[in-house]
Each structure stands twice: as structure tokens, then as C-alpha cells.
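Visitor: Could you take me through one part of this model up close? I'd like to start from the inside and work outwards.

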Amino acid sequence: MHSTIFFFLFLFLFTTTLTAQPPPAPAPAPLSKTCNGIYLSYTYTSGAKIPPELKSDPEKQPYRFKSTLLVLNNAADELKSWRVFVGFQHDEYLVSASNAVIADGLATLPGPVGNGTVLAGFPNADLKTAIETAGDLSQMSARVVLVGTEFGVGEPDVPMPDDISLDNEGWLCPSATIQGSRVMEVCCTKDPNPITTTPPQDEYLPHQTGDLTIMYDVIRTYESNYWASVTIENHSPLGRLDNWNLTWDWMRDEFIGDIKGAYPFTRDSSSCIFGPQGSFYQNMDFSNVLNCERRPTIMDLPLEMTNNTQLGNIPFCCRNGTILPPTIDPSKSKSAFQIQVYKMPPDINRSELIPPQNFKISGRLNPDYKCGPPVRVSPSQFSDPSGLPGPTSVSSWQVVCNITQVLGLAPKCCVSFSAYYNESIIPCPTCACGCQGKSPGACSATSPALLLPSQALLVPFENRTALATAWASINHRNIPKPLPCSDHCGVSINWHLLTDNRGGWSARLTLFNWEDSAFPDWFVAVQNDYFTPGFEKAYSFNGTTLEVNGKNNTVLMQGLPGLNYLMGEVDGVNPGKDPRVPGKQQSVISFTKKNTPRIKVEGRDAFPTKVFFNGEECALPGIFPTNDSDRKNSKGLLLIVVAIIVLMLM
């Protein structure tokens, strides 16, 4: 009996041992737990088809989407002014983003972001660590709800971005991975060899460098309003601004009470009177309020206002919107004004200071600037006329702007080429400065511009047709139908190869201003790796070589003292018959071959590869003058024909 029981007990234990399976391995911890850096995730939450319904063209069918971007600081150091790139790729149109603003300087909300965009934290831009918050996720992370429209991706497909990454300096992010079909995540870690480092104990981020910086310094603060000093400073050796316009977005229903040293483009307080501002400030006289627009435009004052105690009298103000490069005149490379800002609840507290966002600055005929978001930096120290230590700002933010080439945006100036060995001038390219909506008659935007006789350079394009077609006929060149459109440029520059000798060569540069207004303190920069080392002298301009981006390949020229004013276009002697005459300045420029013995003057080496007028890069011809040694001896006949045509135009 006992043996039987023992046998069955043994058999049971043996069978259990054979059939027992090891416990399953624990599931791997989520990346948000194992990441010891900055964890990013993009989660697609919902989407739906919206009108119009385009059954015939499904790629253009619009869909509403809603997603969530999570930024979590698992690192040991605080993340200041976080920025995240989201690689949108389905022609997305972003309508709203909670707790963030678009930070790439080219788009605002709502707006297109189909090529990807950078989001920055707002109003809370800094993410604290778990160590200093005892793991409080509300202080360690930012959750951004994105709502917008995408095109062509409907259920069951999911319109995910191409990538997400941290855009702050000093961090490295691998390619993001997809979890399932609706979640993208990545863990970004600190760069072990960063170019710049910020000590963890620093309270503020260091000041950054760029082509242009804007400082927004709060200098006085009260319960319901504050005064801020706005300083625009140019750091680019070639960039400049003329008649600058500065815009930004108020994010908390603020409005402008007063300005010194500048003025709003529109003075209007009606939106305050009929808006929440009028309800809160019931006893305020809004007739004295300058501007209540959500996106105001600020412009500089003229020179006459410099010492005006009511509107001006601010250091670096009132220069008619002109900001020169420091290479031209350091004393004119800065502009400043002061602004009184009224706040709205819940920010009625002297310590609640929130800067505007989405800064944009532009000029009359100047480069295009892309501005980043305001970044909190150490308080600015102002100078004091007495020489004693000056006051310090209450709070300071810096906006960094860099010159950019906006895709599809045409230049504002152009260049023509000519040489002593060819009688024809290669004009500015057709539609060099754009043609859309500018050409009233039938003309071709794709046909190359007709070569010109030298006399045609001083004639406006609309009066050039007879000269250009006659010159083409005499030289047996094809005349396209319809004729090419104009270059439509306000400023054109002719570079003429003048002489070529054994020891050196020379060129003549001529400026033409086809606009009605003049250009004070103008400058021109020409770049070429071949001829710049041989530059000797500009005879009627101030000329010097300049190092740009680490390369000494630029010749910078400006007007001589008292002659640095490029006049605008004026009427001819007989306005009823004579064409208008452009403002013009020119100078001969000499070069030596001592430093450039291998230069081929009659080739492309003597023509600039880039030309800038007032910082704006100009359009260049696609061809160069050729040495037409076989041309017929018809110079006398050509001159007679051209002279007759000029007389007919007069």
C-alpha cells in the first residue's frame, strides 16, 4: 500500500518536472523609461475626411488630423528653450499647436508646414529634470496637441511624419522608429563633443550669434503694463536693411500703448474697444492707444525725429529704417526703440513677462531674413552717459535672424555683362526679378533676353524694343515672337571688361536705379575667387577686399563721402518725348596680374560669380561675352542705324 502511494507520488513529481515551463521573460521597458536623455514621441490620434470631396483626384483630398507631440526630459540637466523638428511630409497645413509656436521664422499659425517645421515651447520653454522636481512630469515634459489638415492620406493609412528630432544645439538624435502604425519615438542624447556648451548651473542660455539679432529687453515693469527696449543689430558683413519693417505676434491679447523711437504702420485701437481689452480696461482712454493688432508692424522714424522729446530721443533711433553692415559703418549698424505694452489677465502681475513670438523683419531692397523664437538670455547691461555702471534690464530675450534664400522668391536686382572685345551687351535675364502680374502685354517669360547695343543701357525697358530688335536684325540674330519680358528689377548693374594688358586689367562697374526713390549709403559687393587677390583700386568709389565666411574673395565698394547717394529715376529733358533717365553711378576698377598670374581675362575669370547690392544677391546672366574676332567690319553702319533709332525715340 505504501509502496503504491510512493510510486504515484514519484510519478506525479517527475511528470511535473518534465512539463513545467520557465516563466515568460518580462516585456522590455518602454523607451520613455529607458531613455536617459530627451525622449520625443509623435502619436497620431485621429483623422477624418473633410470637404471638398475629390474622388477624381484622391492625392489632393483633404483630411483633418490630430496628433500629440511629447517632449520629456529624462536627462540630468535642465533643457532650456526646447525646439523639436517635425518632418511633416503630406502637405500639412497646421491650424493649431497647444503649448508651442512655430519657430523656423518662415511660417505662422495657421500655415503650411508640408516641408517640416520646428516647434518651440510656449509659454513654458524650459523642461526641468526629475531630480529637481521629484519626478513631476508636469515640469519635466511638454505635451503639444497638433490639429491641422493633410492631403492624400486617408484610412486605413496613417499620415506620419518622416522624422522627429530635437533641434537644440549639443544633442544628437538617431532616426526615429515607428511603434505600430501610429507612434513614432526617439531618444536624443547629449553630444559628447559639442561645438558650444552651456554650464548646467547657468540660469540663462548664452547669447547666440547670427546675421542679425533682435533684443527684447524689459526695462520697467508695472502690474498691468511694462516698457521694453527693442534693439536690432546687424552683424553680417554684407547684409543691410532699408526702411525696415518689424512684425511679431502677441500671444496673450497684449496691445501697444506708446512707442518712442519708432511708430506702428497702422494706428488703430478699435479692436481693443470692442474686444476683451475694452472690457478689462473700462476706464482707459483708448484714443491714446497706438495699436491693438495681434500682429502689428513697426517702422522706424525719419532722421528729423531724432531729438524729438515726444516721439524720438532714444539712442540709435530715427534713421529712416536704415541699418548698415558693421563693415560699412559700425555706428549705423544698430537701430532701437522703446515700447509700452499693456497686458491682460491672467498676467496682471509685474513679474508675469511674456515676449511676443514669430518675429519677422524685412526691408525695401534687402536680403530675406529667417528669425528664430525669442530665447531667454541673461539681462542686458545698458551704458550710462556718465561712465558709471548703467542699468540692467528686468528680463531679456534674444531673437536670432539669418539671411536665407526663400524658395521661389525672385531677386530684386540683376547684372548685365559686356566686354571691350564684343559690341553686344548681355542684358539681365528675362524675368530676373519675377514676372508674375507685372507684364501687361503679351511677352515671353522663357525666351532669353535680346542682346543690346551699349546705348540701350540708359533706356528704360519699355523704350528699348526698337533698339533691341534693330540690333538683332543687323547682327542676323533671331527675334522671338512674342518678345522676351523685362527683367522687372529696380536696380541693375553693368560689369564691363574694359582693358587687358600684360601686367593687369580693368573693369567698369555701373549702377542703374530704375526706382523713383534714392538709395543713401549704398554699397556693392562682387565675389570671384580668381580676380579678388589682384584688386588694386576703385577710382570713383571707396573699394576694399573683404573676408566673408572665411574666404577673402569679395570686393566691397561704396560711394565716396558726399557721393554715396544713388538717385532715383527722373524725367528726361523733354518729358513728353524723352524716356525717363535712371540714377547712375560708375567707377573704373583696376586689377594686377601679379597675384593672379594664371587668370584668363577674356574667359570667365574676369566676371563676378556673385554680385550683391545693399546685401541683396542679384541675378546674373547665364552666358558671357565672347571674343568675336570674325565679326564683320560693320561698325560704322551699326552706329548710324542705332543713332537714327535713338533720334526717332526722341
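Which residues have the most contacts inside the largest nonpolar core?

Guide: Before we dive in, this is a predicted model, where local features need pLDDT of at least 70 and side-chain atom pairs count only at pLDDT 80 or more, while totals for chains, interfaces and linings use all residues. Numbering runs from 1 along each chain as its sequence is written, and side-chain values use heavy atoms, leaving out hydrogens and water.

Now to your core. It has 35 residues, and the ones with the most contacts inside it are I493, W495, W505, L509, V524, V526 and F613. (A nonpolar core is a set of buried Ala, Val, Leu, Ile, Met, Phe, Trp, Tyr and Cys residues joined through side-chain atoms within 4.5 Å; buried means under 20% relative accessible area, exposed over 50%, partly exposed in between, with a 1.4 Å probe and protein chains only.) At least two residues of this core come from each of β24 (413-419), β26, β27, β29, β30 (535-538), β32, β34 (583-592) and β35 (610-613). Strands here are DSSP runs of E, at least two residues, and helices are runs of H or I, at least four, numbered from the N terminus.

Take W505. Leaving aside residues up to four places away in sequence, W505 touches W495, L497, T499, D500, F531, I589, S590, F591, K593, I599, V601 and A606, a contact being heavy atoms within 4.5 Å.

T510 is worth a stop too. This threonine sits in strand β27 (residues 504-513) and is buried, at 3% relative accessible area. Its side chain makes a polar contact with the side chain of Q586, at 3.0 Å. (That's a pair of N or O atoms within 3.5 Å; within protein, one must be able to donate a hydrogen and the other to accept it, and residues adjacent in sequence count only if both atoms are side-chain atoms.) Besides Q586, T510 touches S492, I493, N494, K584 and Q585, again not counting residues up to four places away.

Next, the sheet. Five strands form an open, antiparallel sheet in the order β31-β32-β29-β35-β36. β31 (541-548) and β36 (616-617) stand at the edges with a single partner strand each, so one side of each has no neighbour in the sheet. Further in, β29 (residues 523-527) and β32 (residues 551-559) pair in the antiparallel sense over 5 bridges, where pairing takes at least two DSSP bridges. V526, which we met in the core, stands opposite V555 in β32.

Earlier in the chain there's helix α7 (residues 465-474), with L467, A468, T469, A470, W471 and A472 as its buried residues. H476 follows α7 and has a positive phi, near 55°. In the loop between α7 and β26 (491-500) you'll find P482, joined to K481 by a cis peptide bond with omega about 0°.

Apart from the core we started with lies another one of 32 residues, among them Y42, Y44, V144 and M184.

How far can you trust it? The chain's mean pLDDT is 88, and 90% of its residues reach 70 or more, on the predictor's confidence scale of 0 to 100 for each residue. Two stretches to treat with care: pLDDT is below 50 over residues 197-201, which have 4 contacts in the model beyond near neighbours in sequence, and also below 50 over residues 630-639, which have 7 such contacts.
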